[in-house]
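Student: Could you take me through one small part of this model slowly? I'd like to start from a single residue and then see how the strands around it fit together.

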Amino acid sequence: DNDNWMIIDENNDDAWELTTQAGSQGTTHSAKLGNYGNSDGSKDELISGTIDLSGVNPSDPMIFTFDYAYRKNNSSDDEWLRFYISNDCGETWVLRKNIHGDDLSSVTAGGSYIPAGPQDWYSNDVTNINSAYYVENFRFKFQFENDGGNNIYIDNINLYPASMTSIEENNG
């Protein structure tokens, strides 16, 4: 299978892309969906390549983390960021996280949004990935549904078994 990201642009306008405008951990790279002013309700998807999870111990819970930066364009915007997983290389998908409306962000930017710094990023954990997904062709995807809002950025994507959280980094 393809190790690269797949991009689905439902209405053939703006699509997910790599940007050098902003990053969540003091970097300048992230995935960006240029969504400013899009209001047709279309869904844009960013889909991972396959990841081999077949060697993970079935009793070891998986943890998925990511950061996103987003601001509304108007206070009435009700946009959705959804996170899905697949254990059959993307043939079928199961929803694991839904963030929308004020939960996505209650802050308005009033222009084409670019994160100004680390304070603009939200961190998220997904802990409901069970062992039925510990397969050699696991995939995940982000889906964004627009409603007249603003740009969204995703960065710092991590997937790891919970047992790895006890490993301390040596900062010496």
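What does Asn-156 count as, given its relative accessibility?

Tutor: Before we begin, keep in mind that this is a predicted model. Asn-156 has a relative accessibility of 28%, so it counts as partly exposed. The reasoning needs two cut-offs: buried means under 20%, and exposed means over 50%. Asn-156 falls between them, which means partly exposed.

Where does Asn-156 sit? You'll find it in strand β10. Its backbone is worth a look too: phi is near 55 degrees, which is a positive value in a residue other than glycine.

Now zoom out to the sheet that holds β10. Five strands make up this open sheet, and reading across them gives β2-β3-β10-β5-β8, with antiparallel pairing. At the edges are β2 and β8 (121-129), and each of these pairs on one side only. On average, and ignoring direction, neighbouring strands of this sheet are turned by 30 degrees against each other. As a bit of background, strands of a sheet pair through backbone hydrogen bonds, either parallel or antiparallel.

Look at how β10 meets β3. The two run antiparallel and are joined by three bridges. To find the spot by eye, pick out Lys-32 and look across to β10: Tyr-153 stands opposite.

β10 also takes part in the largest pocket. Rolling a probe the size of a water molecule over the atoms shows where empty space is left. In the largest pocket here, that space comes to about 160 Å³. Three strands, β2 (16-19), β3 (30-33) and β10, each supply at least two residues of its lining. The largest share is from β2, with three residues. Among the residues that line the pocket are Ile-154 and Ile-157, along with Trp-5, Ile-7, Trp-16 and Leu-46. By character, the lining splits into eight nonpolar residues, one polar and one charged.

Next, follow the chain past the end of β10. In the segment after β10 (152-161) you come to Ser-163. Like Asn-156, Ser-163 gets the label partly exposed, because its relative accessibility is 41%. Here's a nice long-range link: Ser-163 and Asp-60 are 103 residues apart in sequence, yet their C-alpha atoms are 6.6 Å apart in space. Their side chains make a polar contact with each other, at 2.5 Å.

There is a second sheet to compare with. Again it is an open sheet of five strands with antiparallel pairing, and this time the order is β1-β4-β9-β6-β7. β1 (6-9) and β7 (94-100) stand at the edges, and each has a single partner strand, so one side of each is left without a neighbour in the sheet. From one strand to the next, the twist averages 15 degrees.

Start at the β1 edge. β1 runs antiparallel to β4 (residues 43-47), and four bridges join the two. Met-6 stands opposite Ile-47 in β4. On to β4: this strand is mostly covered, with four of its five residues buried. β4 pairs with β9 over five bridges, also in the antiparallel sense. If you find Glu-45, its bridge partner in β9 is Gln-143.

That brings us to Arg-139, which lies in strand β9 (residues 139-145). Arg-139 makes a good contrast with your starting residue: its relative accessible area is 5%, so Arg-139 is buried, whereas Asn-156 is partly exposed. The side chain of Arg-139 reaches two backbone oxygens. One belongs to Ser-48, at 3.0 Å, and the other to Cys-89, at 3.3 Å.

Stop at Cys-89 for a moment. Cys-89 has its place in the loop between β6 (80-86) and β7. Cys-89 counts as buried because its relative accessibility is 16%, and buried means under 20%. Phi is near 65 degrees here, a positive value in a residue other than glycine. That takes us back to where we began, since Asn-156 also has a positive phi, near 55 degrees. The settings can be put side by side: Asn-156 is in strand β10, while Cys-89 is in the loop between β6 and β7.

Conventions. Residues are numbered from 1 along each chain as its sequence is written. This is a predicted model: local features need pLDDT of at least 70, side-chain atom pairs count only at pLDDT 80 or more; totals for chains, interfaces and linings use all residues. Side-chain values use heavy atoms; hydrogens and water are left out. Two strands pair if DSSP finds at least two bridges between them. Axes are lines fitted to C-alpha atoms, for helices over the stretch in contact, and angles run from 0 to 180 degrees between N-to-C directions. Buried means under 20% relative accessible area, exposed over 50%, partly exposed in between (1.4 Å probe, protein chains only). A polar contact is a pair of N or O atoms within 3.5 Å; within protein, one must be able to donate a hydrogen and the other to accept it, and residues adjacent in sequence count only if both atoms are side-chain atoms. On a 1 Å grid over the protein atoms alone, a cavity is a set of points where a 1.4 Å probe fits but cannot get out, and a pocket is an open set with protein on both sides within 12 Å along at least five of seven lines; lining residues have an atom within 4 Å of a point. Grid points are joined across faces, edges and corners, and a volume is the space filled by probe spheres set on the points. Ala, Val, Leu, Ile, Met, Phe, Trp, Tyr, Cys and Pro count as nonpolar, Asp, Glu, Lys and Arg as charged, and the others, Gly among them, as polar.
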